[in-house]
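Hi there,

Here is the structure I said I would pass on to you. Please open it alongside this message, and then read on for what turned up.

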Amino acid sequence: MRWWVFLLAMMVSVALDLAFVQVMQIDSLGALAPCVTIAVVVFVALFAPLAVALWSAWIAGVLVDLSLPQISSSQTTYFLIGPHALGFVAGAAIVIQMRTA
């Protein structure tokens, strides 16, 4: 896999997610919005080797975590690295299990 193509696709997908989250948000379902980054991660998990798919899912999750700031009760902004990274890796592992079955 060409990593520069993957990183470029990740930057574009994260930018699309951030730019259009307000436009594509479905308020009747509890502020649900589609995520382009997940589609890129699933595509990579379907066609890349095991280690590459898991590492790319982790990198994508960290990029998403770094793009979504959290605000604490004391109005301090921080970036919580982990929830999306772990979720993307778990999702990629499920896709890998399904593709090999």
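**What I found**

Let's begin with Leu46, which is partly exposed, with a relative accessible area of 39%. On this scale, buried means under 20% relative accessible area, exposed means over 50%, and partly exposed is what falls in between (1.4 Å probe, protein chains only). Before going further, please keep in mind that this is a predicted model: local features need pLDDT of at least 70, side-chain atom pairs count only at pLDDT 80 or more, and totals for chains, interfaces and linings use all residues. Residues are numbered from 1 along each chain as its sequence is written, and side-chain values use heavy atoms, with hydrogens and water left out.

Back to Leu46, which sits in helix α2. Helices (H or I, at least four residues) and strands (E, at least two) are DSSP runs, numbered from the N terminus. Which residues does Leu46 touch, not counting those up to four places away in sequence? They are Val95 and Arg99, where contact means heavy atoms within 4.5 Å. Leu46 also gives you a nice example of folding bringing sequence-distant residues together: Ile96 is 50 residues apart from Leu46 in sequence, but their C-alpha atoms are 6.5 Å apart in space.

**The overall picture**

The protein has 4 helices and 2 strands, and from the N terminus the order is α-α-α-β-β-α. Its C-alpha trace spans about 45 × 30 × 25 Å along the principal axes. Of its 101 residues, 26% count as buried. If you take contacts between residues at least 6 apart in sequence, 55% of them join residues at least 24 apart. The protein exposes about 6600 Å², and carbon and sulfur atoms supply 73% of that area. These areas come from the Shrake-Rupley method with a 1.4 Å probe; for residues, only the protein chains shown count as cover.

**Inside: the core**

In soluble globular proteins, nonpolar side chains tend to be buried together. Here we can look for a nonpolar core, which is a set of buried Ala, Val, Leu, Ile, Met, Phe, Trp, Tyr and Cys residues joined through side-chain atoms within 4.5 Å. Which of the 16 residues in the largest nonpolar core touch the most other members? The answer is Ala45, Ala60 and Phe88. Each of α1, α2, α3 (50-67) and α4 (83-100) supplies at least two residues of this core. Try clicking on Phe88: beyond its neighbours within four places in sequence, its contacts are Thr37, Ile38, Val41, Ala57, Ala60, Gly61 and Val64.

Two serines are worth a visit too. Ser13 belongs to helix α1 and is buried, with a relative accessible area of 2%. Outside its neighbours within four places in sequence, Ser13 contacts Val36, Thr37 and Val40. Ser56, in helix α3, also counts as buried, at 2% relative accessibility. Its contacts, again leaving aside neighbours within four places in sequence, are Met1, Trp3, Phe6 and Val44.

**Outside: a nonpolar patch**

Trp4, Val5, Leu8, Val12, Leu16, Phe20, Val23, Met24 and Val36 make a nonpolar surface patch of about 830 Å². Patches are made of residues with over 30% relative accessible area and no salt bridge, joining like charges within 9 Å and nonpolar side chains (Val, Leu, Ile, Met, Phe, Trp, Tyr) within 5 Å. A salt bridge is a side-chain nitrogen of Lys or Arg within 4 Å of a carboxyl oxygen of Asp or Glu. Helix α1 (residues 3-20) gives the largest share of the patch, 6 residues. Val23 lies in the loop between α1 and α2 (36-47) and is exposed, with a relative accessible area of 64%.

**Aromatic pairs**

How many aromatic pairs does the structure hold? There are 3. One of them is Trp3 with Phe6, edge-to-face, at 5.6 Å centre to centre with 90 degrees between the planes. Rings of Phe, Tyr and Trp (its six-membered ring) pair if their centres lie within 6.5 Å; planes under 30 degrees apart count as stacked, over 60 as edge-to-face and the rest as tilted. Both residues lie in helix α1, 3 residues apart, about one turn of the helix. Trp3 is partly exposed at 34%, whereas Phe6 counts as buried at 4% relative accessibility. Another edge-to-face pair is Trp55 with Trp58, at 5.7 Å and 85 degrees.

Enjoy exploring!
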